[in-house]
Amino acid sequence: MANKGPAYGMSRDVASKIERKYDEELEDRLVEWIVAQCGSAVGRPERGRLGFQVWLKNGIVLSRLANSLYPDGSKPIKIPDSPPTMVFKQMEQIAQFLKAAEDYGVVKTDMFQTVDLFEAKDMAAVQRTLMALGSLAVTKNDGHYHGDPNWFMKKAQEHKREFTESQLKEGKNIIGLQMGTNKGASQAGMSYGRPRQIIS
């Protein structure tokens, strides 16, 4: 990656707005979850946005997190024996995590881009992706989630209702309240404009 100088003007304003979206309390919760999910072997980052970014940058911690959400026989990401040192290998590892997260059910709008993490362009987006992944893991409740279930919100789940034919026919006879009512309606006492003047 090319070294970039300082940003000025509108670029600087945009960068500072993105940096302000980063939540340090959320970082603590995500670190606790990742350590609970993957084990203490993943270590802990230095506090702060850059420490969090350096911890996740090579993609290994993220890959272990994604693999921990699957049963033993079906891990989606191959993790190398030694952490990758080459830039494109690290970015490839992050891309594999993103693919695994999408396959797990994280929607595209909740996903960060590889450069958001690798170049620390938008660490708040990384937090959003991890929150979405945690919420899905809690919602699925398949025994692979480790940690406090209160760390994440459960996603709304579909609640299908089945109606019999007779119930559906009965529903056709009822006028919904959205359509209004005609009970007690009349035009008594209503007048529209002035009466017509007939002059002879």
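Buried, on this tour, means under 20% relative accessible area. Keep that cut-off in mind, and remember that what you have open is a predicted model.

**Stop 1: the whole chain**

Start with everything shown as cartoon. You should count 8 helices and 0 strands, so to speak a plain α-α-α-α-α-α-α-α when read along the sequence. Colour by burial and 34% of the 200 residues come up as buried. If you also draw contacts between residues at least 6 apart in sequence, 55% of them join residues at least 24 apart.

**Stop 2: helix α3**

Now select residues 49-56, which is helix α3. How many of the residues of α3 are buried? The tally is 6 of the 8, so the helix is largely enclosed by the rest of the structure. To light up the buried set, pick R49, G51, F52, Q53, W55 and L56.

Stay here and show the side chains of F52 and W55. Both sit in α3, 3 residues apart, which is about one turn of the helix. In general, an α-helix has 3.6 residues a turn, so residues three or four places apart point the same way. F52 has a relative accessible area of 0%, so F52 is buried; W55, at 10%, falls under the 20% cut-off and therefore counts as buried too.

**Stop 3: aromatic rings**

Keep those two rings on screen. A pair of aromatic rings is described by the distance of the centres and the angle of the planes. A search of the whole structure finds 6 aromatic pairs. One of them is F52 with W55, a tilted pair with 6.3 Å from centre to centre and 40 degrees between the planes.

For another pair, select Y145 and F152. Are their rings stacked or edge-to-face? The centres are 6.2 Å apart and the planes stand at 85 degrees, so this pair is edge-to-face. Y145 and F152 are both buried. Add W33 to the selection and you have one aromatic cluster made of W33, Y145 and F152.

**Stop 4: where α3 meets α7**

Go back to α3 and add residues 123-140, helix α7. Two packed helices are described by the angle between their axes and the distance between the axes. Here the angle is about 60 degrees, and the axes are 11 Å apart. That angle makes α3 oblique to α7. Turn the view to look through the pair, and you can check that α3 passes α7 in a left-handed crossing.

Which residues make the contact? On the α3 side, select R49, F52, Q53 and L56; on the α7 side, select M123, V126, Q127 and L130. Coloured by type, the contact residues divide into 5 nonpolar, 2 polar and 1 charged. F52 is thus a residue to label twice: it belongs to the tilted pair with W55, and it is part of this contact with α7.

**Stop 5: Q127**

Zoom in on Q127, which is in helix α7. Is Q127 buried or exposed? Its relative accessibility is 2%, so Q127 counts as buried. Show what is around it, skipping neighbours within four places in sequence, and the contacts of Q127 are K21, Y22, D23, L26, E27, L30 and F52. There is F52 again, reached this time from the α7 side.

**Stop 6: A125**

Move along α7 to A125, which is found in that helix. A125 also has a relative accessibility of 2%, so A125 counts as buried. Where does A125 make its contacts? Leaving aside neighbours within four places in sequence, select D110, F112 and D116. Draw a C-alpha to C-alpha distance from A125 to F112 and it should read 5.2 Å, for residues 13 apart in sequence.

**Stop 7: the loops on either side of α7**

Select A120, in the loop between α6 (114-118) and α7. Check the backbone: A120 has a positive phi of about 55 degrees although A120 is not a glycine. At 15% relative accessibility, A120 counts as buried.

Then jump to N141, in the loop between α7 and α8 (165-171). N141 has a positive phi as well, near 50 degrees, in a residue other than glycine. Is N141 buried or exposed? With a relative accessible area of 62%, N141 is exposed, whereas A120 is buried.

Methods
Residues numbered from 1 in each chain as written. Predicted model: local features only at pLDDT ≥ 70, side-chain atom pairs only at ≥ 80, totals over all residues. Heavy atoms only, no water. Axes fitted to C-alpha atoms, helices over the stretch in contact; angles between N-to-C directions. Helix = DSSP H or I, 4+ residues; strand = E, 2+ residues; numbered from the N terminus. Parallel < 35°, antiparallel > 145°, perpendicular 65-115°, else oblique. Left-handed = near helix turned anticlockwise from the far one by under 90°. Contact = heavy atoms within 4.5 Å. Nonpolar A, V, L, I, M, F, W, Y, C, P; charged D, E, K, R; others polar. Phe/Tyr/Trp six-rings, centres within 6.5 Å; stacked < 30°, edge-to-face > 60°. Buried < 20%, exposed > 50% of the residue type's maximum accessible area, 1.4 Å probe, protein only.
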